[in-house]
Amino acid sequence: MSMLIKGLAGFTVKHKWIWWIGAFVLAATLLLAPAMVYPLLLINILCFVLFASALNLVLGYAGLLSLGHAAFFGGAAYVTAHAAKTWGLPFEASVLLGTLFAAGLGLVFGLIGIRRYGIYFAMITLALAQMLYFMAVQMPFTGGEDGIQSVPRGMFLGLVDLGDINAMYYVVLGAVVFGLMVLWRTLHSPFGHILAAIRENEPRAVSLGLDVAYYKLIAFVLSATLSGLAGSLKVIAFQLASLNNVSWHLSGEVVLMTLIGGMGTFAGPIIGATFVVTLEHMLATSGLPIALVIGVIFMACVMLFRRGFYGESVARLKVMLERGHD
Amino acid sequence: MPDIFGVPAAVLLGQVLLGLINGSFYAMLSLGLAIIFGMLNVINFAHGAFYMLGAFVTWLCLTQLGLNYWAALVVVPIVVGVFGAVVERLFLRRLYRIDHLYSLLFTFGLALAMEGLFRYLFGAAGKPYPVPETLTGVFRLGFMVLPVYRAWVILASVLVCLLVWLVMEKTRLGAWLRAATENPSLVTAFGINVPLMLTLTYGFCVGLAGFAGVLAAPIYQVSPAMGSSLIVIVFAVVVIGGLGSIGGAILTGLSLGVIEGLTKVFYPSASAIVIFVVMVLVLILRPAGLFGREN
């Protein structure tokens with residue numbers, strides 16, 4: 001078995017074209033998927049892939065546990081819904097407004113909380129997000145318990161009618177891929193390495209003259225912005241902004257997605273979000289209590305495989321390969 | 001009856017009193033959180049869920065077993081506390097040596113699972129629980145009418161908080177506990193069973209949350225969401241007070257309840273968020289919290 005894996009690993013290193021084939025297959029799958037799977041489910045998965053990946057930037061790479069990310073996702077969702085429905089703005093402008101709102105909110109949350117470490121940061125973000133939740137309950141424009149319903153989807157670039165679910169899927173796909181590319185570039189830039197340095201040894205990063213709070217703040221704002229993009233896309237596709245999008249349960253769920261896939265790895269949150277959203281979709285019709293199942297998975301994940309699906313497999317693979325060398 | 005700042009004194013005092021009741025719950029829960037954090041270095045997100053569990057067990061005791069309020073007041077904290085001790089022994093103990101975030105995430109999952117389970121079993125709607133007969137009726141104080149049960153809640157919780165504070169600060173047991181917080185290996189070397197002490201501490205604080213749940217059952221509706229909506233506010237209270245001091249947790253809890261009550265009089269629409277606003281102000285002006293020590 002280990003010989004086989006070792007051989008495979010060597011093969012993929014020697015023959016780079018295998019990666020191109022893999023990428024081609026992935027792209028083809030993503031493009032053809034709506035013909036096989038319910039498109040709204042795919043859109044939901046894509047939005048959470050972006051949301052979890054955005055959270056991973058702060059949780060996995062900067063080492064900041066935010067328990068309030070639903071505020072950015074849901075806050076952007078409300079703003080986008082309001083812009084599209086009440087102000088009648090086009091699709092692009094509504095999504096942009098929602099995303100900008102999330103960025104601004106991220107800056108505010110970040111400025112308030114970033115100097116506190118670990119658990120305090122988690123509690124502060126949770127409390128701030130809950131404040132937003134209460135505001136969403138009370139403010140007139142959010143529609144309280146009803147939320148903002150039948151948000152118009154509008155046209156993409158004034159040309160493509162997003163009322164067509166397939167068109168909606170491709171637009172969301174494009175936007176999510178764009179968001180992931182931004183994250184990829186960020187992580188593989190000097191900035192990404194600085195974040196890693198801060199996570200690994202913060203006092204040392206300080207002693208090197210890095211303004212740690214400043215870098216964390218930038219990462220946090222970027223993470224909030226992309227979470228907002230995910231929320232804006234979702235609200236347009238599902239045509240509904242509701243309190244669920246700003247609740248602490250959602251903040252927890254997205255942490256779970258990142259954790260279960262593998263914190264601090266690029267593929268982790270993508271796998272985790274796909275897994276959790278698909279699971280919830282299947283549970284929704286089974287009559288089993290979703291919150292209970294999610295909670296139990298959460299506990300199992302923390303107790304048994306903290307590195308997540310992806311992180312754990314990579315770690316096992318490495319061990320196998322090293323044994324092969326001896 | 002004179003007006004105070006343009007508000008009838010009766011209304012004002014009534015809200016202050018309501019605030020004190022909420023504050024009693026904040027105080028009891030944040031006290032437990034502070035002790036658990038001090039001893040185990042765990043942020044117990046499930047604290048609200050244990051409070052909810054306490055209220056539900058109380059309700060179940062009455063409806064299924066016919067146990068009345070006073071019996072529940074004794075039995076329920078023990079049941080909840082034992083459950084908590086089991087959780088500590090089986091799961092949390094294994095997480096002490098790694099990053100604190102994991103124990104927070106574990107208790108987060110536990111809270112989610114417990115809330116989900118109770119919603120599944122009993123539905124989301126609140127269950128009414130009757131006020132015990134001996135505590136029905138009201139005190140007529142002249143300026144306002146005070147239900148006896150509410151007075152009892154304030155009295156009971158303040159007494160319990162004071163008792164815990166006295167035990168922690170003035171007794172030998174408290175000294176051991178505080179010593180174990182500072183330097184567990186040294187305390188172990190003196191022949192004290194620190195792991196057992198940690199289990200008992202967790203069980204006790206969780207039992208305290210269960211006790212708060214019993215007190216809450218006749219006032220608030222017994223519902224699966226009652227824990228999570230409270231714990232988030234209690235977290236804000238803990239951030240404001242700082243996790244360093246037990247007395248601080250009690251004082252902050254009570255005073256924030258009062259502030260919330262006053263906000264209901266003067267600016268009702270902000271009453272749901274006033275605690276969070278206070279938290280933001282404290283974080284800007286005194287980041288370690290009012291009674292906290294930085295790291």
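# A walk through chain B and its contact with chain A

Let us start with the overall form of chain B: its radius of gyration (taken over C-alpha atoms) is 19 Å, which agrees with the value near 19 Å that a compact globule of 295 residues would have, by the rule of 2.2 Å times the number of residues to the power 0.38. This is a predicted model, in which local features need pLDDT of at least 70 and side-chain atom pairs count only at pLDDT 80 or more, while totals for chains, interfaces and linings use all residues. Residues are numbered from 1 along each chain as its sequence is written, and chains are lettered from A and ligands numbered from 1 in the order in which they are written.

How sure is the predictor? pLDDT is its confidence in each residue, from 0 to 100. Chain B averages 86, and 97% of the residues score at least 70. Among the elements of chain B, helix α3 (residues 69–90) has the highest mean pLDDT, 93, and strand β1 (residues 3–4) the lowest, 68. For the complex, the predictor gives a pTM of 0.88 and an ipTM of 0.84.

Chain B holds 11 helices and four strands; these are DSSP runs numbered from the N terminus, with helices being H or I of at least four residues and strands E of at least two. Along the principal axes, the C-alpha atoms of chain B fill a box of roughly 65 × 50 × 35 Å. Of the 295 residues in chain B, 50% are buried, where buried stands for 20 or more other C-beta atoms within 10 Å of a residue's own, exposed for 12 or fewer, and partly exposed for values in between, with C-beta atoms placed from the backbone. Counting contacts in chain B with a separation of 6 or more, 76% join residues 24 or more positions apart; two residues are in contact if their C-beta atoms, placed from the backbone, lie within 7 Å.

Now to the place where the chains meet. The contact takes 35 residues from chain A and 33 residues from chain B. On the chain B side, α4 (100–122), α9 (226–241) and α11 (274–285) each supply at least two residues, and α4(B) gives the most, with 16 residues. By class, this side of chain B has 25 nonpolar, five polar and three charged residues. Here Ala, Val, Leu, Ile, Met, Phe, Trp, Tyr, Cys and Pro count as nonpolar, Asp, Glu, Lys and Arg as charged, and the others, Gly among them, as polar.

Take α4(B) on its own. At 1.5 Å a residue its 23 residues should span 33 Å, and its end C-alpha atoms are indeed 33 Å apart; the expected span is 1.5 Å times one less than the number of residues. α4(B) is mostly covered, with 17 of its 23 residues buried. Just after α4(B), G123(B) takes a positive phi of about 80 degrees.

Helix α9 of chain B is home to S228(B). S228(B) counts as buried because 23 C-beta neighbours lie inside 10 Å. Not counting residues up to four places away in sequence, S228(B) touches W248(A) as well as G48(B), A111(B) and E115(B).

What about α11(B)? This helix has 12 residues and reaches 16 Å from its first C-alpha to its last, close to the 16 Å expected. Its buried residues are I275(B), F276(B), V278(B), M279(B), V280(B), V282(B) and L283(B). What covers them includes α5 (91–113) and α6 (118–138) of chain A, together with α9 and α10 (246–266) of chain B.

M279(B) deserves another look. The largest nonpolar core has 195 residues, and M279(B), M123(A) and A127(A) touch the most other members; such a core is a set of buried Ala, Val, Leu, Ile, Met, Phe, Trp, Tyr and Cys residues joined through C-beta atoms within 7 Å. Helix α3 (residues 39–61) of chain A provides the largest share of this core, 16 residues. Leaving aside neighbours within four places in sequence, M279(B) is in contact with A127(A), A236(B), V239(B) and I240(B).

Finally, a stop at two loops. N41(B), in the loop between α1 (9–40) and α2 (47–65) of chain B, has a positive phi of about 60 degrees although it is not a glycine. N41(B) counts as partly exposed, because it has 14 C-beta neighbours inside 10 Å. In chain A, Q239(A) lies in the loop between α10 (212–238) and α11 (248–261). Phi of Q239(A) is near 60 degrees, a positive value in a residue other than glycine.

Note on methods:
pLDDT is the predictor's confidence in each residue, from 0 to 100.
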